[in-house]
Amino acid sequence: MARVVRFHSHGGPEVLRIEEMEVPSPSPGEVRIRVRALGLNRAEASMRNGTYIETPSLPSGLGLEAAGFVEAIGEGVAGFAPGDAVSIIPPRSMARWPAYGELVTFPAELVVKHPPSLSFEAAAATWMQYLTAYGALIDIAHLCRDEPVVITAASSSVGLAAIQIANRIGAVPIAVTRTSAKKTPLLDAGAAHVVALAEDDLEARLREIAPQGVRVVLDPVGGPIFTPLAAAMAHGGILVEYGGLSPEPTPFPLFEVLAKTLTLRGYLVHEITGDPGRLETAKRFILDGLASGALRPIIARTFPFEAIAEAHRFLEAGEQFGKILVTV
């Protein structure tokens, strides 16, 4: 028996329950992991409240990231042995492969041996943020050295990962955040410039920083900022949208798109995780960055497993700087 987190109805953090369940032995091609740390993502709050792209049968587990020790391997699994320190690539379905539990089972192709120098907490904070940022900036947008890149929701885990990846390749990260309260931490985290939406004119500030326009924009927000973002973009630019956090409608900047031949590109990390070749390239980039110290997960706050509902409340408050973790 092992403790797992499930929800029996959609709703707020209070619907999360810790339950005892039997965890079966791994099937062929699977690895069972004794979890030590979990990474929290907004996708999990969305699935819990019924607004995620996946609609699970209830009751359902959830969770996309974990790190721990290999406890057992299924038939046909090579390259792993009991006791290995590993972390999890986010699965396409967290209902089928939930990570919130003391014992979890995942397909071997989604399990990674992380560098020995990486703690379980840092490992659980790695794959969603860096794969998302890498896929958008490097794989899709082909961000180049010395190029400015606009990163909105910059104090989120993906935003901070994007800043680090931009710096690793020599690009110029422009962090966009709500207020100047996080300006100093963002500069300390590697942002070259910080724009505060509540205090700055977004379009004017971006034009001041990048007079020739910005070719690459990474945004999980949508809503009204689409208009000034498009206005500040360069000819042939690409805006990669990987979320929809704004409760307001998102306008389509038709004339900017036409005049500048812009690309507005929806993106899910599953594009990378579902393609073995692209995933392997991304993993090498991230593991090399972790080993060199160029990539360093920033932890906002850590909660015990028993406080999973409180951790979700903190996640939805939106005040964190970096990744929220739960230790098991």
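Patches are made of residues with over 30% relative accessible area and no salt bridge, joining like charges within 9 Å and nonpolar side chains (Val, Leu, Ile, Met, Phe, Trp, Tyr) within 5 Å. A salt bridge puts a side-chain nitrogen of Lys or Arg within 4 Å of a carboxyl oxygen of Asp or Glu.

This is a predicted model, where local features need pLDDT of at least 70, side-chain atom pairs count only at pLDDT 80 or more, and totals for chains, interfaces and linings use all residues. Residues are numbered from 1 along each chain as its sequence is written, and side-chain values use heavy atoms, leaving out hydrogens and water.

**Exercise 1.** Find the residues of the nonpolar surface patch and place L258.

*Solution.* Start with the members: F252, L254, F255 and L258 form a nonpolar patch of about 480 Å² (Shrake-Rupley areas, 1.4 Å probe, with only the protein chains shown counting as cover for residues). Next, locate L258: helix α8, residues 254-260, holds this leucine (helices are DSSP runs of H or I, at least four residues, and strands runs of E, at least two, numbered from the N terminus). Finally, L258 counts as exposed because its relative accessibility is 56% (exposed is over 50%, buried under 20%, partly exposed in between; 1.4 Å probe, protein chains only).

**Exercise 2.** Describe the salt bridge between R34 and E71.

*Solution.* First take the distance: N to O is 3.0 Å. Then compare positions: R34 is in strand β3 and E71 in strand β5 (residues 65-73), so the bridge ties together parts 37 residues apart in sequence. Last, check exposure: R34 is partly exposed at 29%, and E71 is partly exposed with a relative accessible area of 29%.
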